[in-house]
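Please describe the fold shown here and explain how its elements are held against one another. A report under short headings would be best, with the reasoning given where burial or position calls for it.

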Amino acid sequence: MKRPSNKKAAEDSTYWKIPSRCKPMKSEFYLPVLGMEFRVQLKTLQEVHGETSTTHRTIDIQKSDPSPVQWLTLIHEAFHAALHINGLGNVLGTKVEESIVQTMEHTVEELLAGPYGEQLLEAARARRKRIS
């Protein structure tokens, strides 16, 4: 995920449409993506908010970004991981993949931030509980 060219916009949590009261991200943790565990790490990255390696099963998040940006970047990078796990990442071009990831990312943001976000999270938690 590339950084916006406007540095002020990148640092302004209202630009990202989520509250700045987000909990800080841990420096390292594991995240399941379509049944595969990915190690998520905060790192110093050059010119990007995040990077995903399905080969190494890692998601790196820009250490210097504000917490809200880190969490949104995690959503974005998890979608990249998902596309590669299901094989689509290998057949899509970079621009098409990025367009799909951004579309999914913004849709999820809208759903979670909307009036039914809590109900959607509760339904997803119930479903995950049944599956595991």
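## A salt bridge inside the sheet

In this predicted model, the side chains of Lys43 and Asp60 meet in a salt bridge, with a nitrogen-to-oxygen distance of 3.8 Å. Because Lys43 belongs to strand 2 and Asp60 to strand 4, the pair ties together parts of the chain that are 17 residues apart in sequence. A search of the whole structure finds 1 salt bridge.

The two partners can be set side by side in terms of accessibility. Lys43 is partly exposed, with a relative accessible area of 35%, whereas Asp60 has a relative accessible area of 10% and is therefore buried, the limit for that class being under 20%.

## Overall make-up

The protein has 4 helices and 4 strands, and from the N terminus on its elements follow the order α-β-β-β-β-α-α-α. Of the 132 residues in the protein, 34% are buried. Among the contacts between residues at least 6 apart in sequence, 43% join residues that are at least 24 apart.

## The sheet and its pairing

The strands form an open sheet of 4 strands in the order 1-2-4-3, with mixed pairing. Strand 1 (28-33) and strand 3 (50-53) stand at the edges, and since each has a single partner strand, one side of each is left without a neighbour in the sheet. From one strand to the next, the twist averages 25°.

Strand 1 and strand 2 (residues 36-43) run antiparallel and are joined by 6 bridges, and in this pairing Tyr30 stands opposite Arg39 of strand 2. Strand 2 and strand 4, by contrast, pair in the parallel sense over 5 bridges, while strand 3 and strand 4 pair in the antiparallel sense over 4 bridges. The link between strand 3 and strand 4 is a hairpin with 4 residues between the strands, and Arg57 in its turn has a positive phi of about 55°.

## Strand 4 and its surroundings

How many residues of strand 4 are buried? Strand 4 is mostly covered, with 5 of its 5 residues buried. Thr58, Asp60 and Gln62 point one way from the strand and Ile59 and Ile61 point the other way, and all are buried.

Asp60, already met as the acidic partner of Lys43 in the salt bridge, also has a place in the pairing on both sides of strand 4. Gln41 stands opposite Asp60, and Asp60 is likewise the bridge partner of Glu51.

## Two serines beside the strands

Ser53 lies in strand 3 and has a relative accessible area of 19%; this value is under 20%, so Ser53 counts as buried. Leaving aside neighbours within four places in sequence, Ser53 is in contact with Phe38 and Thr58.

Ser27 sits in the loop between helix 1 (7-11) and strand 1, and at 53% relative accessibility it counts as exposed, because the class begins over 50%. When residues up to four places away in sequence are not counted, Ser27 touches Val40, Gln41 and Leu42. The C-alpha atoms of Ser27 and Ile61 are separated by 9.2 Å, although the two residues are 34 residues apart along the chain.

## Helices against the sheet and each other

Helix 2 (residues 67-85) lies across strand 1, strand 2, strand 3 and strand 4 (58-62), and runs at about 45° to strand 1. Helix 2 is also included in what covers the buried residues of helix 3.

Helix 3 (residues 94-113) has 20 residues and reaches 28 Å from its first C-alpha to its last, which is close to the 28 Å expected at 1.5 Å a residue. Its buried residues are Glu97, Val101, Glu105 and Glu109. Seen down the axis of helix 3, these buried residues fall within an arc of 95°, so they line one face of the helix. The face turned away from this buried side carries the exposed residues Lys95 and Glu110.

Methods:
Residues are numbered from 1 along each chain as its sequence is written. This is a predicted model: local features need pLDDT of at least 70, side-chain atom pairs count only at pLDDT 80 or more; totals for chains, interfaces and linings use all residues. Side-chain values use heavy atoms; hydrogens and water are left out. Two strands pair if DSSP finds at least two bridges between them. Axes are lines fitted to C-alpha atoms, for helices over the stretch in contact, and angles run from 0 to 180 degrees between N-to-C directions. Contact means heavy atoms within 4.5 Å. A salt bridge is a side-chain nitrogen of Lys or Arg within 4 Å of a carboxyl oxygen of Asp or Glu. Buried means under 20% relative accessible area, exposed over 50%, partly exposed in between (1.4 Å probe, protein chains only). The expected span of a helix is 1.5 Å times one less than its number of residues. The arc is that of the directions from the helix axis to the C-beta atoms.
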